[in-house]
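Dear colleague,

I am passing on the structure we spoke about, with the sequence and the model placed directly below. My notes on what turned up in it follow after that.

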Amino acid sequence: MIRLGLCCIFHDEPIRFRQTTAASLKKMPRREQLQKLSTICLANLLSLSEALEWVTAHEVGAFRVLSPLFPRFTHPDVGYHLNELPDHTAIITQCKKIRARRQESDIRLSLHPDQFNVLSSPHSEVVKNTISELEYQGMLAECIGADVINIHGGGVYGDKALALGRLRDNFALLSDRVQSRLTLENDDRSYSPADLIPVCDDMGIPFVYDVHHHRCLPDGLSITNATTECLRCWKTAGREPFFHISTSRDGYDSSKPQAHSDYINVKDFPEEWLGLDATVDVEAKAKELAVLKLKKDLGLLGEDMV
DNA sequence: GCATGTCAAGTTGTG
DNA sequence: CACAACTTGACATGC
């Protein structure tokens, strides 16, 4: 059975995640910084609990956790460790509760580090920062029980093969808790499924197939081909396959094909995916409303929810 | 109170 | 050559 995933935030539901900036933290003494960060980390974990309750109640099987759940964790000036935070004990307790709840309800949690994480970069400083951020995500994944840390191929720098070679070399520098969760996803301008699937095979990690990006950046593969390859990667790993879906706001022949629309047009959902045991993250601006609508349009609602 | 500019970070393609 | 887009909203500031 297909499980749909909600990405990061809610549209109508009053579940909110807090943030702070390095600039504002720098204006206060360290003690105050840590107090503020502590309050936000704990509040975000409580919000994550609420999010788990919501997806469980609505039979949505997956949730993508926003990267800065612990804001500015790896920042060179204001970064911190959890054991420095005044609410350290409560934070650890809350993480434990989240892991238990996630397991009990069989909710799949994932992380999607943002665009600054580039394992293929030729710049050592960029790679160093990426590794530090991915290690943070690995720690976070362990804390909350997430099994996927999904990134893109990054830049091309005029030579895809060289760039992917660097990505592979840098992957070897990551800890096991990151390596065992890392996945590569095709993007909308540089790396297509055909580019990444061989690299994933080579590195022994699964491929996350984004059909919207594939429609923006087609290669020789059909949707059926790419789906089959994706399924094969995940089967080798003995894990549930992972897809992304979104609907182009202005259409694929427009000047901004990659822009997301509020809801998913059910016609954009590949028929190849129907009936699979797989996770499909719904990238749509209307967030939980779009997930529920797609569920309904696909005929996935349980009797009691129609 | 509310409007608005800013937020650590990379890379690419567009106007 | 500057700037938006990427998965994208919340915070901080100033009126």
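Strand 7 and strand 8 run parallel and are joined by 4 bridges, and within this pairing Phe-243 has Val-280 of strand 8 as its bridge partner. Please keep in mind throughout that this is a predicted model. The two strands belong to a wider arrangement, in which 8 strands close into a barrel in the order 1-2-3-4-5-6-7-8, with parallel pairing, and in which the twist from one strand to the next averages 30°.

Phe-243 also leads into the aromatic side of the picture. The count of aromatic pairs comes to 11, and one of them is formed by Tyr-209 and Phe-243, whose rings are edge-to-face, with 6.3 Å from centre to centre and 75° between the planes. This pair links distant parts of the chain, since Tyr-209 sits in strand 6 (residues 207-210) and Phe-243 in strand 7 (residues 242-245), 34 residues apart. Are these two residues, Tyr-209 and Phe-243, buried or exposed? Both Tyr-209 and Phe-243 are buried.

Why does the pair of Tyr-209 and Trp-273 count as edge-to-face? The ring centres of Tyr-209 and Trp-273 are 6.1 Å apart and their planes stand at 75°, so the pair falls into the edge-to-face class, for which the planes have to be over 60 degrees apart. Here too distant parts of the chain are linked, with Tyr-209 in strand 6 and Trp-273 in the loop between strand 7 and strand 8 (278-282), 64 residues apart. Tyr-209 and Trp-273 are both buried. Taken together with Phe-207 and Phe-269, the residues Tyr-209, Phe-243 and Trp-273 form one aromatic cluster.

I turn next to the DNA, beginning with strand B. DNA strand B is surrounded by 19 residues, the closest being Ala-22, Arg-72, Ser-121, Val-156 and Tyr-157, and of the atoms of DNA strand B that come within 4 Å of the protein, sugar and phosphate account for 45%. Two of the polar contacts reach bases: a polar side-chain atom of Arg-72 lies 3.0 Å from a base nitrogen of DNA strand B, and an N or O atom in the side chain of Thr-74 is 3.3 Å from a base nitrogen of that strand. Ser-121, by contrast, places an N or O atom of its side chain 2.8 Å from a phosphate oxygen of DNA strand B. Helix 1 (22-26) and helix 4 (124-144) each supply at least two residues of the surface near DNA strand B, and by class that surface has 8 nonpolar, 8 polar and 3 charged residues.

DNA strand C has 23 residues around it, of which Gln-19, Lys-27, Lys-36, Asp-114 and His-213 come nearest, and sugar and phosphate account for 75% of the atoms of DNA strand C that come within 4 Å of the protein. Phosphate oxygens of DNA strand C are approached by side-chain atoms of three residues that I would point out to you: an N or O atom of His-213 at 2.6 Å, a polar atom of Ser-24 at 3.0 Å, and an N or O atom of Thr-20 at 3.3 Å. The surface near DNA strand C divides by class into 4 nonpolar, 9 polar and 10 charged residues.

With best regards

Note on methods
Residues are numbered from 1 along each chain as its sequence is written. Chains are lettered from A and ligands numbered from 1 in the order in which they are written. This is a predicted model: local features need pLDDT of at least 70, side-chain atom pairs count only at pLDDT 80 or more; totals for chains, interfaces and linings use all residues. Side-chain values use heavy atoms; hydrogens and water are left out. A residue is near a molecule or strand if one of its heavy atoms lies within 4 Å of it. A polar contact is a pair of N or O atoms within 3.5 Å; within protein, one must be able to donate a hydrogen and the other to accept it, and residues adjacent in sequence count only if both atoms are side-chain atoms. Ala, Val, Leu, Ile, Met, Phe, Trp, Tyr, Cys and Pro count as nonpolar, Asp, Glu, Lys and Arg as charged, and the others, Gly among them, as polar. Rings of Phe, Tyr and Trp (its six-membered ring) pair if their centres lie within 6.5 Å; planes under 30 degrees apart count as stacked, over 60 as edge-to-face and the rest as tilted. Buried means under 20% relative accessible area, exposed over 50%, partly exposed in between (1.4 Å probe, protein chains only). Two strands pair if DSSP finds at least two bridges between them. Axes are lines fitted to C-alpha atoms, for helices over the stretch in contact, and angles run from 0 to 180 degrees between N-to-C directions.
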